[in-house]
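I opened the model to go through some helix pairs, a few odd backbone angles and the ligand shell. My notes follow in the order I looked things up.

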Amino acid sequence: MASGYKAAAKRALVERPEVRSAVTKATLHFDGNRARAYGEIDAEAWRDWAAGVKRHLLGRLDRYLEEAEAGLRAHGAVVHWAENAADVQEILRALVADYGVSRVVKGKSMLSEEVEVNPLLESLGVEVFETDLGEYIIQLAGEPPSHIVGPAIHKGLEEIRALFHEKLGTPADAEPTELAAAARRVLRDAFLSAEMGISGANFVVAETGTVVLVENEGNIRLTTSAPRVHVALVGIEKLLPRFGDLEVFLQLLARAATGQKIGTFVSLINGPRREGEPDGPEHLHVIFVDNGRSSVLADDEMYEALSCIRCGACLNACPVYRQTGGHAYGQVYSGPIGVVLTPGLKDPGLAAELGYACSLCTACADVCPVRIPLPGQILAWRRRSVERGLVSGGEKLAFNGYAAMVTRPRFYRLGSKLLRLGKGLTGAPWLPVLGAWAAGHGPLEPSPKSFREIWEEELAGE
Ligand code: SF4
C-alpha cells in the first residue's frame, strides 16, 4: 500500500503555504510550553519512571486487561472486546439499535477516527456532533484531524471565520469569542438532546477499573454524563497498572502536550450512575480495541510505541511535521509516532514512504514523556523497507556508491575533487537522490580546497 506522502507533502508546501505558517506557529508555541513545564520538574527522572511503568504494563498486558475488565464490570460497566474496526462498528451498530439512538455527541478520540465511527453512525442515520472545539471546526470543514492534541491547528483565524460565516451565519469579521459562542450554542442543544455520548480514554486504571479522561473544555465531561448512554473506546494499550500511577502520568501528559501542570478537567469514571446519584449516564459500555496492537506488541523492535500517551509532543518537536502538518501523512496518526505506529497497525508497506518523513534529528526522542525510541524505530522501518525491496533502486545504488567512496580514501579524494570541479551539490540534478534533496535547499558551493588540503597546509605552516 502506498501512502502518497511525498506527493501530498509537496502539494501542502506548494499550494497551501498558510498551513505551514499556522502549523509552525502552533507547534513552536506548544513545544515552548512543554520545555518550560519540563523545566519545573525533574523531567528526566519522571520520564524514566513513566517509561518503566509502561514497559512493565506491556510485558503483562493480558493480565492487566483481565484485571481492568473485572474492575469495570464490578462498577456496573459492560465490557466489549473488538479485534478490529469491523468489530467496533458491529458493537456500535447494536448499541445504536438497542437504545434507539438518533443523536450522538463525541469527545475527541483518535481511536474513533481509526475505526471510522463517524461514517458508520452517519450511515445509520445518526446525527453526530464533535464537541471539542477543534474537532467541531474540522467536522464543519469536512476534514480529518491534523494533530493528536490540536486537530485544527492547520487552520488560521481567517479560515475559521469564513467557515463559521458560511456554516453558522456568524459575521465575516467575528471575534474568536463570538465564534466560540456560536459553537457553544449548537453544542449545548446537542448535549441536552443526544441519547449517546462517545469518548476515548486517556487511561484505564487496571487496579480500580477507572476510566480516566483529560480535557480543557469541559465538553468530555458533558459528553460522558449528560446522555443516557456513555460508550468509551479504549485501545488495549491505554492501561495503567495502579491508581497511584496517575499522579505522575496526569502531570506528564499535560506538561508534554500543552505545558500545563495538569489538564483543566480530569474525569475519573467508575461505572454508570448509581441509585440516588443526581447525574451521569444510566449505561456505561467500554469497548477495548485491538485493531493491530497485538501485532505491534509482538514486534520486538516496535512494541514500545504502544507506550504512547498521545500527548503530541513529538509532532510539535518534529521539523518535518512542522512544514506540512498532519494531513500530508494521509493517516490518522501523523508525525514521528504516526511514522512508527501506522505501518505496524495497518500495513508495513506504508513505511516505504512514511519512514522517510524524518530528518533523523532525534528531537522526538528528547521530548517523549515515555521515552519511546522513535528515531531507532523509524530507522528500523527504513531497514525493513529496503530489505523488502520497497525503496527505489536508484537510492540504493547512490548510497552503495557513497559507502564505497567514503570507505576508500583514494575514491573519496577523487570524488571530492570531481564535486569541486563540478557545480557542487545543487548543480547535480542528474544524481536522482541529490537532485530531489537539492531542490529544497539554497545553493551549496563546494569549498575550493578539501578539508585534508586545508589541514595539511595548516600543519605545514606551524
Ligand atoms: S510518541 Fe511520545 S511524544 Fe509522541 S505522542 Fe506518543 S507519548 Fe507523546
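Before the first pair, a reminder to myself: axes are lines fitted to C-alpha atoms, for helices over the stretch in contact, and angles run from 0 to 180 degrees between N-to-C directions. I also keep in mind that this is a predicted model.

**Entry 1: α16 and α19**

I started with helix α16 (residues 335-345) and helix α19 (residues 374-387), whose axes come within 9 Å and cross at roughly 45°. That angle makes α16 oblique to α19. I looked up the hand as well, and α16 passes α19 in a left-handed crossing.

Which residues meet here? On the α16 side I listed P336, I337, V339, V340 and P343, and on the α19 side L374, Q377, I378 and W381. Sorted by class, the residues of this contact are eight nonpolar, one polar and no charged. I337 caught my eye, and I come back to I337 with the ligand.

**Entry 2: the ligand shell**

Next I asked which residues come nearest to the ligand. Of the 15 residues around the ligand, the nearest are C308, C311, C314, I337 and C368. I337 is thus in this group and also in the contact of α16 with α19. The class count for the shell is 13 nonpolar, one polar and one charged. I note for my own reading that Cys counts as nonpolar here.

**Entry 3: α8 and what it packs on**

I then moved to helix α8, residues 133-141, where I found G134, E135, Y136, I137 and Q139 buried. What do these buried residues pack against? They pack against β3 (127-130), α9 (157-168) and α10 (176-193). Just after α8 comes G142, and its phi is positive, near 70°.

I took the pair of α8 and α9 separately. Their axes come within 10 Å and cross at roughly 65°, and the crossing is left-handed. I137, L140 and A141 of α8 meet I160, L163 and K167 of α9. That contact holds five nonpolar residues, no polar and one charged. I137 turns up twice in this entry: I137 is buried, and I137 is part of the contact with α9.

A general point I jotted in the margin: an α-helix has 3.6 residues a turn, so residues three or four places apart point the same way.

**Entry 4: α9 and α10**

α9 also packs on α10, at an angle of about 40° and with the axes 11 Å apart. α9 and α10 are therefore oblique to each other. Here too I read a left-handed crossing, with α9 passing α10.

From α9, the residues involved are L157, I160, R161, F164 and L168, and they meet P176, L179 and A182 of α10. By class I get seven nonpolar, no polar and one charged. I160 appears in this contact with α10 and in the contact with α8.

**Entry 5: two positive phi values outside glycine**

Most residues other than glycine have a negative phi, so I went looking for exceptions.

N291 has a positive phi, near 50°. N291 sits in the loop between β10 (283-289) and α13 (293-297). Is N291 buried or exposed? N291 is buried, because 20 other C-beta atoms lie within 10 Å.

R371 is not a glycine either, and its phi is positive, about 50°. I found R371 in the loop between α18 (363-367) and α19. R371 has 19 C-beta neighbours inside 10 Å, so R371 counts as partly exposed. The cut-off for buried is 20 or more.

**Entry 6: N316 and A9**

Last, I checked two helix residues. N316 lies in helix α14, residues 313-317. N316 is buried, because 31 other C-beta atoms are within 10 Å. Where are its contacts, leaving out residues up to four places away in sequence? I found T27, F30, D31 and R34. I also took the distance to L168: N316 and L168 are 148 residues apart in sequence and 31 Å apart in space, C-alpha to C-alpha.

A9 belongs to helix α1, residues 5-15. With 20 C-beta neighbours inside 10 Å, A9 counts as buried. Leaving aside neighbours within four places in sequence, A9 is in contact with T324 and A328. For A9 and Q89, which are 80 residues apart along the chain, I have 31 Å between the C-alpha atoms.

Definitions and conventions: Residues numbered from 1 in each chain as written. Predicted model: local features only at pLDDT ≥ 70, side-chain atom pairs only at ≥ 80, totals over all residues. Buried ≥ 20, exposed ≤ 12 C-beta atoms within 10 Å, placed from the backbone. Helix = DSSP H or I, 4+ residues; strand = E, 2+ residues; numbered from the N terminus. Contact = placed C-beta atoms within 7 Å. Parallel < 35°, antiparallel > 145°, perpendicular 65-115°, else oblique. Left-handed = near helix turned anticlockwise from the far one by under 90°. Near = placed C-beta within 6 Å.
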